[in-house]
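Student: Please take me through one part of this model closely. I would like to know what surrounds the ligand, and then how the rest of the chain is built.

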Amino acid sequence: AAPGPLAGMNALVTSGPTYEAIDPVRFIGNRSSGKQGHAIAAALAAAGASTTLVSGPTAEPDPAGCKVIHIESASEMLAAAQGALPADIAICAAAVADWRPAQLANQKMKKREGGEPPRIELATNPDILATLSAPGPQRPRLVIGFAAETERVAEFAQAKRRKKQCDWILANDVSPATGTFGGAENEVHFITASGAESWPRLTKRALATRLVDRIAQHFGKSVA
Ligand code: C5P
């Protein structure tokens, strides 16, 4: 790993969407470009952390200096994330599908002339952020999540932080007018146990750098 304020530390980042297979050709998924998660992984690696990026399917290139594990489903993402432990820092930026089809069809489901559409029963996916945040010997020292809200953003995000037991949350307003989804910029509230700060509108890259500076500060490492 590169020299830098986070040299000697291990970091884990999740990014992108998950795809939950219905059959060999169809899936349920979330919209996520992976831009923010990938930018965070790149910034952690540039700051010297040994960084594992667990990524769902995205159009983003693998960031320099990271170990990248490509997965598709939430279950695979959880297994890869747990396999990357122990880590000092975990950042969950992935847009994980909340549900998956309860049964996976082994063959492509056929359309039948005049037939009823299939009914897809759903099962609940594991919550990767909550799982990593749960107290235990493997818990990373600093666990960070994201929250996308459309109203009362800071308040709902603080409640989410407590519920998931993570340390920090970056909360953004994803109302359609903000253009955050798939865009190059992000505007977040930075939520910790001691309160909320509003960060200015930043490119996703600049936000990643600011977050990594904050992490270095948290661990008492100087930022060059
Ligand atoms: O509950 P919600 O989806 O709003 O929480 C968002 C945060 O939780 C993000 O950090 C996301 O990466 C994480 N998450 C997760 N696994 C899930 C659902 C969300 O890691 N199944």
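Tutor: The ligand site comes first, then the cores, then three single residues and the chain as a whole.

This is a predicted model. Start at the ligand. Its surroundings include Cys92, Ala94 and Val96. Pro126, Asp127, Ile128 and Leu129 also belong to the set around the ligand. So do Gly145 and Phe146, along with two lysines, Lys160 and Lys164.

Now look at the polar atoms. A ligand nitrogen sits 2.8 Å from a polar backbone atom of Pro126. For Ile128, the distance from a polar backbone atom to a ligand nitrogen is 3.0 Å. Phe146 faces an oxygen atom of the ligand: a backbone N or O atom of Phe146 is 2.8 Å away from that oxygen. How much of the ligand does the protein cover? On its own, the ligand exposes 450 Å², and the protein buries 83% of this area.

Some of the residues around the ligand sit in elements that also feed the main core. Cys92 is one of the ligand's surroundings, and strand S6 (89–92) gives two or more residues to the largest nonpolar core. Gly145 and Phe146 also surround the ligand, and strand S9 (142–149) is another contributor to that core.

The largest nonpolar core holds 33 residues. Leu6, Ile40, Leu44, Ile89, Ile91, Leu211 and Ile215 have the most contacts inside it. Further elements that give it two or more residues include helix H1 (35–46) and helix H5 (204–218). Strands S1 (10–15), S10 (168–173) and S12 (188–192) do so too. Take Ile215 as a way in. Neighbours within four places in sequence aside, Ile215 contacts Leu6, Leu44, Ile89 and Ile91. Leu142, Ile144 and Trp168 are also in contact with Ile215. Another core, of 23 residues, lies apart from the largest one. Leu12, Ala80, Ala90 and Ile191 are among its members.

Next, a polar spot. Asn186 is in strand S11 (residues 185–186). Is Asn186 buried or exposed? Its relative accessibility is 3%, so Asn186 counts as buried, the limit being under 20%. The side chain of Asn186 has polar partners. One is the side chain of Gln36, at 3.2 Å. Another is the side chain of Asn172, at 2.8 Å.

Two loop residues give a contrast. Leu104 lies in the loop between strand S7 (99–101) and strand S8 (122–124). Leu104 is exposed, because its relative accessible area is 54% and the limit is over 50%. Leu104 still touches Ala21, Ile22 and Asp23, residues up to four places away in sequence not being counted. Its C-alpha is 10.0 Å from that of Phe27, across 77 residues of sequence. Ala59 is in the loop between strand S4 (50–55) and strand S5 (67–70). Ala59 has 80% relative accessibility, so this residue is exposed. From Ala59 to Ser33 the C-alpha distance is 7.2 Å, with their positions 26 residues apart in sequence.

Finally, step back to the whole chain. Its secondary structure has five helices and 14 strands. The radius of gyration is 18 Å, close to the 17 Å of the globule rule for 224 residues, so the chain is as compact as a globular protein of that length. The C-alpha trace spans about 65 × 35 × 35 Å along its principal axes. Of the 224 residues, 43% count as buried. Among contacts between residues at least 6 apart in sequence, 64% join residues at least 24 apart.

Notes. Residues numbered from 1 in each chain as written. Predicted model: local features only at pLDDT ≥ 70, side-chain atom pairs only at ≥ 80, totals over all residues. Heavy atoms only, no water. Core = buried A, V, L, I, M, F, W, Y, C linked by side-chain atoms within 4.5 Å. Buried < 20%, exposed > 50% of the residue type's maximum accessible area, 1.4 Å probe, protein only. Helix = DSSP H or I, 4+ residues; strand = E, 2+ residues; numbered from the N terminus. Contact = heavy atoms within 4.5 Å. Near = heavy atom within 4 Å. Polar contact = N/O pair within 3.5 Å; in protein donor to acceptor, adjacent residues only side chain to side chain. Areas by Shrake-Rupley, 256 points an atom, 1.4 Å probe, with all protein chains shown as cover. Rg over C-alpha atoms; globule rule 2.2 N^0.38 Å.
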